[in-house]
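Here is a friendly note to go with your first look at this structure. The points below can be read in order, with the model open beside them.

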Amino acid sequence: MFFIIIAVVAVVAIFVISVYNGLVKSRMQTQEAWSQIDVQLKRRNDLIPNLLETVKGYGKYEKSTLENVTRLRNQVAAASSPAQAMEASDALTRSISGIFAVAENYPDLKANTNYLKLQE
């Protein structure tokens with residue numbers, strides 16, 4: 001009888017340890033995934049000023065688009081939670097597509113190597 005109780009306690013302990021380790025592993029993977037997203041958002045935010053300077057020379061009348069991108073970039077940088085960062089990043093992505101539309105009006109801009117690298 002004593003051995004059965006020890007076996008049951010051991011099985012329960014092994015199960016609890018396995019579940020705990022699985023949860024810790026999942027939490028670490030989630031944190032790592034958010035970290036990678038944060039790195040890519042920061043990389044993109046660092047490239048946006050270069051993109052804006054490149055486009056400014058070609059699209060003076062597109063001032064509102066450029067101001068909107070700058071404002072949204074600052075919102076992404078100031079986000080305090082992943083949800084806020086993703087919401088601001090989505091808005092920024094939509095706004096940046098407006099800059100790519102500007103390129104269609106300026107053939108020289110499409111050929112600019114800085115613009116092509118930043119568009120990538």
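1. A good place to begin is Asp-38, which is partly exposed because its relative accessible area is 36%. Asp-38 forms a salt bridge with Lys-42, and their closest N and O atoms are 3.3 Å apart. The two residues sit four residues apart in helix α1, so about one helical turn separates them. The count of salt bridges comes to one. As general background, side chains of opposite charge can pair when their charged atoms come close.

2. Before going further, please keep in mind that this is a predicted model. The mean pLDDT of the protein is 78, and 70% of its residues reach 70 or more. Which elements have the lowest and the highest mean pLDDT? Helix α4 (residues 107–111) has the lowest, at 55, while α1 has the highest, at 88. I would keep these values at hand while reading the other points.

3. Now for the overall layout. The protein has five helices and zero strands, and along the sequence the pattern reads α-α-α-α-α. Of the contacts in the protein with a separation of 6 or more, 65% are between residues 24 or more positions apart.

4. How much of the protein is buried? Of its 120 residues, 24% count as buried. The protein exposes about 8,700 Å², and carbon and sulfur atoms supply 61% of that area.

5. Next, the interior. The largest nonpolar core has 10 residues, among them Ile-48, Leu-51, Val-69, Val-76, Ala-88 and Leu-92. The elements giving two or more residues to this core are α1, α2 (63–78) and α3 (82–105). Helix α3 provides the largest share, four residues. In soluble globular proteins, nonpolar side chains tend to be buried together.

6. One member of this core, Ala-88, deserves a closer look. Ala-88 lies in helix α3 and counts as buried because its relative accessibility is 7%, below the 20% cut-off. Leaving aside neighbours within four places in sequence, Ala-88 is in contact with Gln-75 and Val-76. Ala-88 and Gln-75 are 13 residues apart in sequence, and their C-alpha atoms are 6.1 Å apart in space.

7. Is Asn-45 buried or exposed? Asn-45 counts as buried, because its relative accessibility is 6%. Asn-45 is placed in helix α1 (residues 2–56). Not counting residues up to four places away in sequence, Asn-45 touches Arg-73, Val-76, Ala-77 and Leu-92. Two of these contacts, Val-76 and Leu-92, also appear in the largest nonpolar core.

8. Finally, a pair of rings. The structure holds one aromatic pair. Phe-2 and Phe-3 form this pair, with 6.2 Å from centre to centre and 65 degrees between the planes, an edge-to-face arrangement. Phe-2 counts as exposed because its relative accessibility is 58%. Phe-3 also counts as exposed, because its relative accessibility is 68%.

Note on methods:
Residues numbered from 1 in each chain as written. Predicted model: local features only at pLDDT ≥ 70, side-chain atom pairs only at ≥ 80, totals over all residues. Heavy atoms only, no water. Buried < 20%, exposed > 50% of the residue type's maximum accessible area, 1.4 Å probe, protein only. Contact = heavy atoms within 4.5 Å. Core = buried A, V, L, I, M, F, W, Y, C linked by side-chain atoms within 4.5 Å. Phe/Tyr/Trp six-rings, centres within 6.5 Å; stacked < 30°, edge-to-face > 60°. pLDDT = per-residue confidence, 0-100. Areas by Shrake-Rupley, 256 points an atom, 1.4 Å probe, with all protein chains shown as cover. Salt bridge = Lys/Arg side-chain N within 4 Å of Asp/Glu carboxyl O.
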